[in-house]
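Got a new structure on the screen and no idea where to begin? Let's go through it together, one feature at a time.

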2 protein chains.
Amino acid sequence: MKLVLVAGATETARIDGISAAGASPELMAHTPAADAELVEYGTPVFAPFVPVSPDGCPTPGLVTRAVRDRVEFEFVVADAGMAAPTAAPAIRVGERPGGDLREAAPVPNARELFETAREVGANLPDEELLLAESIPGGTTTALGVLRALGEPHGVSSSLPDNPLSLKERVVAEGLAESGIEAGALAGDPLAAVREMGDPTLAVTAGLLAGALSRGARVTLAGGTQMLAAASVARHAGVEDEFAVATTSFVAEDETVAIEAAADALGVTLHVTDPEFEPGEHVATDHYLAGVAKEGVGMGGALWLAARAGVEMRDVRDRLFARYDALVGADGP
Amino acid sequence: MKLVLVAGATETARIDGISAAGASPELMAHTPAADAELVEYGTPVFAPFVPVSPDGCPTPGLVTRAVRDRVEFEFVVADAGMAAPTAAPAIRVGERPGGDLREAAPVPNARELFETAREVGANLPDEELLLAESIPGGTTTALGVLRALGEPHGVSSSLPDNPLSLKERVVAEGLAESGIEAGALAGDPLAAVREMGDPTLAVTAGLLAGALSRGARVTLAGGTQMLAAASVARHAGVEDEFAVATTSFVAEDETVAIEAAADALGVTLHVTDPEFEPGEHVATDHYLAGVAKEGVGMGGALWLAARAGVEMRDVRDRLFARYDALVGADGP
């Protein structure tokens, strides 16, 4: 079992109010690198910080790392073109961040990214893969691709008050700039990523297609960004069975009907509740308030833990221990 | 146990007659990428070929892969600035190939490479590491660094007739161009790498220093390039114990007195004989004739096999099976 973290960047994240994945655009560039290092080493190495929001909400990568303290799985980054270097082992698929989706062709090399990732997915030796993501701004580009493909699903947010109307406005602007109507790129998913997406969507869909082509079992570990990647794969003609594993926070998000979306896409959905308890710890209280929700494979990692018979109590203890050691018991 | 393959490039390899690690300079650029893919996946992925000399001598990476079929170990690339992309998981330490050692400062960022690699070595979670190399032209830059440091040891070659006088001439030219006498950079090993070395030497020495600083057991898996990396570390003040594991082909090379060199450097030496038998297979006959000798961790991998009680017969069978499948039973 290997978790592949598709890490990348999009200039879309610089739009004010879009993402909670970092205190400023400059710092946000390091979030995927830091996430990867947390999962691999348990501590930042090249990255200058642990991704924790100013009021103390830790990156979901810390939950994934907490699970890895209890369930053995391999880990590698698929570098879709990161904005900052990571010390975690990475397969370099892309070379540069994606542009702002409001511009024409923010991912000009979408097709090449997909093909390269497909080759990687077809050669990875693992019989079972979890694919995850870390990209600030990724739910907005996911929405962009879903709209370009004509898929009706909504997207989640790392913010408790999902700035959905801002996202819809940004996406409408992007569609106008690219000169396309919603749904105009159904059946041409890599054009949809090129015009409205980010590099991780092309890489995730490519890894998925390649791994399925050799009979691997694949689970997309994440929320609405993974639904967008799944949509790209389905529109590219991938018909094989695969699954999506996400958190209860995404499943309970009213802006997302993830079960209906999974049904429509023909994918199996696993929802895992980490059983966070109110008032127990600053690290988890934020999640209960709707911050972060998912990312860095959190939902997939929790599913692995449940499958392996690890108690959620045990995962939470590891999370608290790591948070206290990295951030401090009282938050930042 | 993890094998870290330090992979990189030096323009020095373009000098006529220096290296057997690829049919042409253009193809040689892909050799480290292909080596890494062979060890990780058993087959080239991004690389356009299996590194096999025109008359059929396979890269020592295929021996390392054969061992990995029988002995479990983790694997990752430390990318010191590769000339071609690899699909193998890599920690990116450097960004670009080194220059020709005959020019001034072929590795201007030697100190930065060392420091970055030291940080990586200090954070890798493994209690035991093998460090290996893949860089065409690497024995010539190794000789350059040994001479700049005033170390008297000779170097091996991937060619049966070691072009040692050519290497000495190239090194003399490099010293003159850098305006230094032999031995002038003793005690300033990163200046020696900057002026006369290649990026992998700085990265290998940095990984070694970092891993030793946290108490890991480290074995340099290779021949005379690893002696040069060990010299860099010793001149940088690293006093901890570590080992070098190499093949019997290097130990029997008359241009190299590897036991005396190991003694002088205060490192434990492991020599492992793969027990190749004349006439048994084209893949091994070339080694018996003095081609390749070592590289891509071959000597360290053979030592792991011996330590694990795996018969050399068994390693050879895996090597022949992989060679026949990738190249053809009669060679290329």
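What follows is a short chat about confidence, a helix, open and closed spaces, and charged pairs.

Q: Before I trust anything here, what mean pLDDT does chain A have?
A: Good place to start, as this is a predicted model. The mean pLDDT of chain A is 95, and 99% of its residues reach 70 or more. For the complex, the predictor gives an ipTM of 0.93 and a pTM of 0.95.

Q: Let's try a helix. How many residues of helix H2 of chain B are buried?
A: Buried means under 20% relative accessible area. Helix H2 of chain B, residues 31-41, is mostly covered, with 11 of its 11 residues buried. Among them are Thr31(B), Pro32(B), Asp35(B), Glu37(B) and Tyr41(B).

Q: And what phi does Gly42(B) take, just after H2(B)?
A: Look just past the end of that helix: Gly42(B) has a positive phi there, about 85°.

Q: On to open spaces. Which residues lie nearest the centre of the largest pocket?
A: Those are Lys2(A), Glu74(A), Arg68(B), Glu74(B) and Phe75(B), out of 23 lining residues. Two or more lining residues come from each of these elements: strand E2 (74-79) of chain A, and helix H3 (60-68) and strand E2 (74-79) of chain B. The space in this pocket is about 800 Å³. Sort its lining by class and you get 10 nonpolar, no polar and 13 charged residues.

Q: What about closed spaces: how many cavities of 30 Å³ or more are there?
A: A search of the whole structure turns up 2. The largest cavity has a volume of about 40 Å³. Its lining includes Glu133(A), Asp198(A), Thr200(A), Gln225(A) and Met226(A), and helices H8 (199-213) and H9 (224-235) of chain A each supply at least two of the lining residues. By class, that lining divides into 4 nonpolar, 4 polar and 2 charged residues.

Q: Which residues line the second largest cavity?
A: Over in chain B, you'll find Glu133(B), Thr200(B), Leu201(B), Thr204(B), Gln225(B), Met226(B) and Ala229(B) around it. Helix H8 (199-213) and helix H9 (224-235) of chain B are the elements giving two or more residues to this lining. The volume of the second largest cavity is about 40 Å³.

Q: Now for charges. How many salt bridges are there over all chains?
A: The general idea is that side chains of opposite charge can pair when their charged atoms come close. Here the count comes to 42 salt bridges over all chains. One of them joins the side chains of Arg111(A) and Asp188(A), at 3.4 Å from N to O. Arg111(A) sits in helix H4 and Asp188(A) in the loop between helices H6 and H7 of chain A, so the pair ties together parts 77 residues apart in sequence.

Q: Where do Arg313(A) and Asp317(A) lie?
A: Both are in helix H14 (residues 312-326) of chain A, 4 residues apart, or about one turn of the helix. Their side chains form a salt bridge of 2.8 Å, N to O. This pair also belongs to a network of salt bridges with Glu277(A), Glu280(A) and Arg316(A).

Q: One more pair: is Arg316(B) buried or exposed?
A: Arg316(B) is buried, because its relative accessible area is 3%. Glu277(B) counts as partly exposed, at 40%. The two side chains meet in a salt bridge of 3.5 Å, N to O.

Key. Residues are numbered from 1 along each chain as its sequence is written. Chains are lettered from A and ligands numbered from 1 in the order in which they are written. This is a predicted model: local features need pLDDT of at least 70, side-chain atom pairs count only at pLDDT 80 or more; totals for chains, interfaces and linings use all residues. Side-chain values use heavy atoms; hydrogens and water are left out. Buried means under 20% relative accessible area, exposed over 50%, partly exposed in between (1.4 Å probe, protein chains only). On a 1 Å grid over the protein atoms alone, a cavity is a set of points where a 1.4 Å probe fits but cannot get out, and a pocket is an open set with protein on both sides within 12 Å along at least five of seven lines; lining residues have an atom within 4 Å of a point. Grid points are joined across faces, edges and corners, and a volume is the space filled by probe spheres set on the points. Ala, Val, Leu, Ile, Met, Phe, Trp, Tyr, Cys and Pro count as nonpolar, Asp, Glu, Lys and Arg as charged, and the others, Gly among them, as polar. pLDDT is the predictor's confidence in each residue, from 0 to 100. A salt bridge is a side-chain nitrogen of Lys or Arg within 4 Å of a carboxyl oxygen of Asp or Glu.
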